[in-house]
Amino acid sequence: MSAREQRSWLTGLIGHGVGPSLTPEMHEREAERQGLRYVYKVIEQPDGAVDPAHLERLLAGAIELGYDGLNVTHPVKQAMVPLVDETAPAVRAIGALNTIILRDGRTTGHNTDVTGFTRAFTDGLPDVDRDRVVLLGAGGAGTAVAHALVDLGVRRLFVVDLDPLRAARLAESVGGSGTEVEIVQPTAGWLRATVAMATGLINASPMGMAAHPGSPVPPELLRPELWVADIVYRPLHTTLLEDAAAAGCTVLTGAGMAVHQAADAFELITGRPADRAAMLRDFDELVAAETNPSRNTTEERNR
Ligand code: NAD
């Protein structure tokens with residue numbers, strides 16, 4: 001480890017149910033490796049409706065206390081957007097941020113879920129056909145993934161969500177880009193027809209987590225020419241990915257997105273390059289430790 005620097009860094013995660021998040025530990029381990037004095041606080045919030053006046057006070061407090069950066073998650077990702085002074089281009093289009101940089105009393109919002117997924121995809125599935133992609137789940141994470149897919153040059157994107165309003169909102173947010181977006185009915189027949197003509201499929205719905213067991217795609221729809229990615233990472237090897245691997249598909253787990261969103265936020269906060277390979281190793285270790293019942297948490301969330 002290099003000699004410790006004089007300056008210190010103060011960061012935190014604002015959201016509901018953030019106790020089990022692996023992000024604080026990923027940041028602190030990376031900072032430790034770099035010899036930084038870096039403290040990452042968990043700032044738990046109530047679930048449900050968000051009071052903008054409360055968030056404004058939180059932001060003002062963070063500035064006053066000398067915070068350098070904040071990660072932001074459910075349920076305040078959207079509500080924070082109008083409260084920051086500046087935003088990275090993707091933030092307004094998506095309507096959500098997950099990182100706020102605080103410098104000289106000013107705040108800038110970023111969305112590292114987008115950049116994190118982009119990096120995970122280019123590293124993990126560098127040569128796959130991006131022509132026709134099915135995206136399951138049009139919530140906060142699905143919308144970030146959709147914007148990443150636009151940046152990755154996907155030609156046609158088929159969006160499936162049980163909630164048609166969410167699918168419509170996602171389609172509107174990526175409208176006008178080079179990617180043609182189509183909303184697909186969440187019925188067995190439509191899913192079968194769409195998967196049959198797709199080159200790739202991404203699950204950004206909660207299906208596959210312990211609280212939502214099973215797969216959103218019947219295994220008989222999977223074929224070796226289709227690549228399959230899941231952003232769920234608890235567990236890493238979801239039923240969908242297990243079925244896809246058994247069918248001969250190239251697969252990508254949710255680990256890359258989780259690690260690269262953290263690495264991107266770390267770099268924005270500190271201005272220093274993160275050791276992503278080491279962060280991936282840390283993440284694997286942290287996830288493996290969770291399978292030990294003595295370290296299990298009661299709440300199953302991916303953050
Ligand atoms: P969300 O609740 O905002 O959205 C989930 C969406 O999925 C909802 O719109 C819901 O209607 C839809 N849905 C549920 N079941 C479906 C199905 N069978 N088919 C199609 N759509 C379905 O949640 P979110 O914040 O978008 O997160 C979604 C999942 O992504 C989380 O459960 C988490 O596991 C994962 N996630 C991973 C990372 C990562 O870094 N790897 C980051 C964020 C979220």
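The exercises below work through the sheets, the cavity and the backbone geometry of a predicted model.

**Exercise 1. Determine the strand order of the open sheet with parallel pairing, and explain why one side of each edge strand lacks a neighbour.**

Step 1. Tracing the pairings across this open sheet gives 6 strands in the order β9-β8-β7-β10-β11-β12, and the pairing is parallel.

Step 2. The edges are held by β9 and β12 (251-252), and because each of these has a single partner strand, one side of each is left without a neighbour in the sheet.

Step 3. Helix α8 (residues 239-246) packs on this sheet, where it touches β10, β11 and β12, and its direction makes about 160 degrees with that of β11.

**Exercise 2. Describe how β8 pairs with β9, and state which helix the chain passes through between these strands and with what handedness.**

Step 1. Strand β8 (residues 156-160) and strand β9 (residues 180-184) are parallel and are paired over 5 bridges; within this pairing, Val159 lies opposite Ile183 of β9.

Step 2. On leaving β8, the chain runs through helix α6 (residues 164-173) before it enters β9, and the resulting β-α-β crossover is right-handed.

Step 3. Elsewhere in the sheet, strand β10 (residues 200-203) runs parallel to strand β11 (residues 227-230), with 4 bridges joining them, and Asn203 has Asp230 in β11 as its bridge partner.

**Exercise 3. Work out the order of the open sheet with mixed pairing, and find which strands stand at its edges.**

Step 1. This open sheet also has its strands in a defined sequence, with 6 strands ordered β2-β1-β3-β5-β6-β4.

Step 2. At the edges are β2 (37-44) and β4 (86-87), each of which pairs on one side only.

Step 3. An antiparallel contribution to the mixed pairing comes from strand β3 (residues 69-72) and strand β5 (residues 99-103), which share 3 bridges; here Gly69 stands opposite Ile101 in β5.

Step 4. Helix α1 (residues 23-33) packs on this sheet and touches β1 (8-15), β2 and β3, with a direction that makes about 175 degrees with that of β2.

**Exercise 4. Establish how many cavities of 30 Å³ or more the structure holds, and which residues line the largest cavity.**

Step 1. Searching the whole structure with this volume cut-off yields 1 cavity, and the volume of the largest cavity is about 30 Å³.

Step 2. Its lining consists of Phe117, Ala120, Asp230, Ile231, Leu252, Thr253, Gly254, Gly256 and Met257; the elements that supply two or more of the lining residues are α4 (112-124) and α9 (255-270).

Step 3. Sorted by character, the lining residues comprise 5 nonpolar, 3 polar and 1 charged. Asp230 belongs to this lining, and Asp230 is also the residue in β11 that is bridged to Asn203.

**Exercise 5. Locate the cis peptide bonds that precede Pro75 and Pro235, and state where the positive phi of Asp104 occurs along the chain.**

Step 1. As background, most peptide bonds are trans, and most residues other than glycine have a negative phi.

Step 2. His74 and Pro75 are joined by a cis peptide bond with omega of about 5 degrees, and Pro75 sits in the loop between β3 and β4.

Step 3. Arg234 and Pro235 are likewise joined by a cis peptide bond, with omega of about 10 degrees, and Pro235 is found in the loop between β11 and α8.

Step 4. Asp104, although not a glycine, has a positive phi of about 50 degrees, and this residue lies in the loop between β5 and β6 (106-110).

Note on methods
Residues numbered from 1 in each chain as written. Predicted model: local features only at pLDDT ≥ 70, side-chain atom pairs only at ≥ 80, totals over all residues. Heavy atoms only, no water. 1 Å grid on protein atoms, 1.4 Å probe; cavity = no way out; pocket = protein on both sides within 12 Å on 5 of 7 lines; lining within 4 Å. Points joined across faces, edges and corners; volume = space filled by probe spheres on them. Nonpolar A, V, L, I, M, F, W, Y, C, P; charged D, E, K, R; others polar. Pairing = 2+ DSSP bridges. Right-handed = clockwise from strand over helix to strand, strands pointing away. Contact = heavy atoms within 4.5 Å. Axes fitted to C-alpha atoms, helices over the stretch in contact; angles between N-to-C directions.
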